[in-house]
Amino acid sequence: MKIATWNVNSLKVRLPHTLDWLAVNQPDALCLQETKQEDSKFPLAELQQAGYQAVFSGQKTYNGVAIISKTVPEDVMYGLPNFPDEQRRVIAATLNGVRVVCVYVPNGQSIDSDKYQYKLAWLTALQNWLKDELVRYPKLVLLGDYNIAPEDRDVHDPQAWVGNVLVSEPERAAFRALEQLGLRDSFRLFEQPEKSYTWWDYRMMAFRRNMGLRIDHILVSEALVPNCTACSIDRSLRKLERPSDHVPVVADIV
DNA sequence: ATGGCTTCATAGTGAAGA
């Protein structure tokens with residue numbers, strides 16, 4: 001099973017990229033974040049024409065998540081049951097016996113912002129919910145835009161980012177708390193190139209200078225670790241016209 | 001560079017992203 005996550009930054013704008021990428025890569029599942037689209041506008045017909053099913057939870061302008069898959073998603077769940085929220089950030093479904101959880105973690109804006117407190121509370125709720133979900137579904141994959149660079153090696157210039165969201169210690173502690181539930185960062189199960197990132201600012205020619213962060217992740221449960229045979233970042237989409245600022249992360253689970 | 005893009009909702013700019 002080839003499974004991927006991508007913050008698409010507007011599915012309306014990036015639908016051609018999405019369809020091309022599906023056609024070339026043929027993943028069994030692609031989890032999207034920041035679709036920025038109401039459900040009535042979701043391009044289901046185009047995806048079906050490409051041979052895919054989809055479940056989605058969107059809203060106008062902000063947020064929005066989707067799971068695109070070759071097989072019919074089962075037991076679909078929308079949002080965190082223990083954290084009522086207008087913001088569409090979570091969708092989960094079972095595919096081929098594997099629980100697939102697609103998340104768009106809040107950005108947090110800045111350390112002194114209310115949005116940062118919301119981010120930390122949201123992450124605590126995610127962790128609490130996953131504790132139970134892992135009992136129900138030992139084979140679980142948590143994919144998405146975590147908006148957390150777990151370690152300094154995931155940051156192009158750690159000094160420059162000190163005091164920022166995405167790298168703060170409470171956020172990194174929340175990431176480690178997920179790992180303590182038995183989830184493993186699939187990217188780090190394998191040898192990887194140095195300076196591997198999944199997001200680059202649109203400004204400052206950041207991509208060309210590789211001034212990026214690794215904030216999109218695929219975590220696999222302990223039961224799936226032996227089945228995970230690869231994980232990589234696909235930088236190619238960042239080189240296209242009108243790219244998303246994020247690129248896909250892809251994992252193979254046999 | 002307390003923001004150099006990009007998106008969306010707007011019909012001027014402003015919010016938000018990371």
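Me: Which residue in β6 is the bridge partner of Met 77?
Reply: In this predicted model, Met 77 has Ala 92 as its bridge partner in β6.

Me: What makes β5 and β6 a pair?
Reply: Calling two strands paired takes at least two bridges between them. β5 and β6 have three bridges, in the antiparallel sense, so they pass that cut-off.

Me: And how do you know that β6 pairs with β7?
Reply: Go by the bridges again: six of them join β6 (residues 90-95) to β7 (residues 98-104), and the two strands run antiparallel. The cut-off is at least two, so this counts as a pair. For landmarks, Val 90 has Val 103 as its bridge partner in β7, and Ala 93 stands opposite Val 100. β6 and β7 also form a hairpin with two residues between them, and Asn 96 in the turn has a positive phi of about 50°.

Me: Why are β5 and β9 called edge strands?
Reply: The open sheet runs β5-β6-β7-β8-β12-β9, with mixed pairing. β5 (74-78) and β9 (183-185) each pair on one side only, which is what earns them the name. On average, neighbouring strands of this sheet are turned by 20° against each other, direction ignored.

Me: Which helices pack on this sheet?
Reply: Helix α3 (residues 114-136) does, touching β5, β6, β7, β8, β9 and β12, with its direction at about 175° to that of β7. Helix α5 (residues 169-180) packs on the sheet too, touching β8, β9 and β12, and its direction makes about 120° with that of β9.

Me: What makes β6 "mostly covered"?
Reply: Six of its six residues are buried, so each is under 20% relative accessible area. Val 90, Ala 92 and Thr 94 point one way from β6, while Ile 91, Ala 93 and Leu 95 point the other way, and all are buried. That fits the usual picture, because side chains in a regular strand alternate between the two faces of the sheet.

Me: On to the DNA. Why does the Tyr 104 approach to DNA strand B count as a polar contact?
Reply: An N or O atom in the Tyr 104 side chain is 3.0 Å from a phosphate oxygen of DNA strand B. The limit for such a pair is within 3.5 Å, so the approach qualifies. Polar side-chain atoms of Asn 147, at 3.1 Å, and Arg 242, at 3.2 Å, also lie by phosphate oxygens of that strand.

Me: What is the make-up of the surface near DNA strand B?
Reply: Its residues divide into nine nonpolar, seven polar and seven charged. On the DNA side, 69% of the strand's atoms within 4 Å of the protein belong to sugar or phosphate, and the rest to bases.

Notes: Residues are numbered from 1 along each chain as its sequence is written. Chains are lettered from A and ligands numbered from 1 in the order in which they are written. This is a predicted model: local features need pLDDT of at least 70, side-chain atom pairs count only at pLDDT 80 or more; totals for chains, interfaces and linings use all residues. Side-chain values use heavy atoms; hydrogens and water are left out. A residue is near a molecule or strand if one of its heavy atoms lies within 4 Å of it. A polar contact is a pair of N or O atoms within 3.5 Å; within protein, one must be able to donate a hydrogen and the other to accept it, and residues adjacent in sequence count only if both atoms are side-chain atoms. Ala, Val, Leu, Ile, Met, Phe, Trp, Tyr, Cys and Pro count as nonpolar, Asp, Glu, Lys and Arg as charged, and the others, Gly among them, as polar. Helices (H or I, at least four residues) and strands (E, at least two) are DSSP runs, numbered from the N terminus. Axes are lines fitted to C-alpha atoms, for helices over the stretch in contact, and angles run from 0 to 180 degrees between N-to-C directions. Contact means heavy atoms within 4.5 Å. Buried means under 20% relative accessible area, exposed over 50%, partly exposed in between (1.4 Å probe, protein chains only).
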